[in-house]
Amino acid sequence: MPLPARDLVFYAALSLGAAVDAACAEPNRVTLPADPEALTHFATVTRGEITERMATTPEAIAAAGRGEPLPDGTHVILIDRRQGAVHRYLVMQKGEGWGEDHAEADRTGDWRFQWFRPDGSINMEEDTARCRSCHSSRDDRSFMFTFRDLQTFARTGEVR
């Protein structure tokens, strides 16, 4: 299946060594798992009427429990629910060398971010640079705000 035009532009820019940081949404390498709800729920954050359910893979949980870096290919998903329905998904995904897609000052290790609508399409109105700017402060926690919750879940099996 051919890539959409916006993906072709992104990968062309990468191959030419062009900077791809932008002040707006961008297509990137991050994928939404086929069934995000099937990932393991390890933490819940409630913000008023918004419930954010954090989920990841068993491999990531095991690595966190052993004190090891989360493996390449790991998805960490924030499932944003409002009034009981999925409003959007924020996906952090790690891939070998993915940090090189951004200027060194804008990297969050090899983690990339993407917003998806409930139907699985990329939400191009969301700014992934905003994700990187906040998550960069968590470099000692695998760029996650809920990394300690993940470690606790790995030890106890209790959702925080």
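Accessible areas here come from the Shrake-Rupley method with a 1.4 Å probe. On that basis, the accessible surface of the protein chain is about 8,500 Å², and carbon and sulfur atoms hold 52% of that surface. Before going on, I should say that this is a predicted model.

Let me start with the chain as a whole. The protein chain has 160 residues, and 42% of them count as buried. It contains 4 helices and 5 strands. Along the sequence, these follow the pattern α-β-β-α-β-β-β-α-α. As for contacts with a separation of 6 or more, 51% are between residues 24 or more positions apart.

Now the sheet. It is an open sheet of 5 strands, with antiparallel pairing and the order β1-β2-β3-β4-β5. Which strands stand at its edges? They are β1, residues 40-47, and β5, residues 111-116. Each has a single partner strand, so one side of each is left without a neighbour in the sheet. On average, neighbouring strands of this sheet are turned by 20° against each other, ignoring direction.

One helix to point out is α4, residues 147-156. Helix α4 lies across β1 and β2, the latter being residues 50-56, and runs at about 140° to β1.

Next, the pair formed by β3 and β4. Strand β3 covers residues 75-82 and strand β4 covers residues 85-94. The two pair in the antiparallel sense over 8 bridges. In one of these, Arg82 has Ala85 in β4 as its bridge partner.

The loop between β3 and β4 is where Gln83 sits. Is Gln83 buried or exposed? Its relative accessible area is 83%, and the cut-off for exposed is over 50%, so Gln83 is exposed. Its backbone is also worth a remark. Most residues other than glycine have a negative phi. Gln83 is not a glycine, yet its phi is positive, at about 55°.

My last residue is Thr74, in the loop between α2, residues 58-66, and β3. Why does Thr74 count as buried? Its relative accessibility is 2%, and buried means under 20%, so Thr74 falls in that class. What does the side chain of Thr74 reach at 2.6 Å? That is the backbone oxygen of Pro71. Apart from neighbours within four places in sequence, Thr74 is in contact with Thr56, Thr57, Ala60, Met92, Gln93, Lys94 and Trp111.

To recap the two loop residues: Gln83 is exposed, whereas Thr74 is buried.

Notes. Residues are numbered from 1 along each chain as its sequence is written. This is a predicted model: local features need pLDDT of at least 70, side-chain atom pairs count only at pLDDT 80 or more; totals for chains, interfaces and linings use all residues. Side-chain values use heavy atoms; hydrogens and water are left out. Two strands pair if DSSP finds at least two bridges between them. Axes are lines fitted to C-alpha atoms, for helices over the stretch in contact, and angles run from 0 to 180 degrees between N-to-C directions. Contact means heavy atoms within 4.5 Å. Buried means under 20% relative accessible area, exposed over 50%, partly exposed in between (1.4 Å probe, protein chains only). A polar contact is a pair of N or O atoms within 3.5 Å; within protein, one must be able to donate a hydrogen and the other to accept it, and residues adjacent in sequence count only if both atoms are side-chain atoms.
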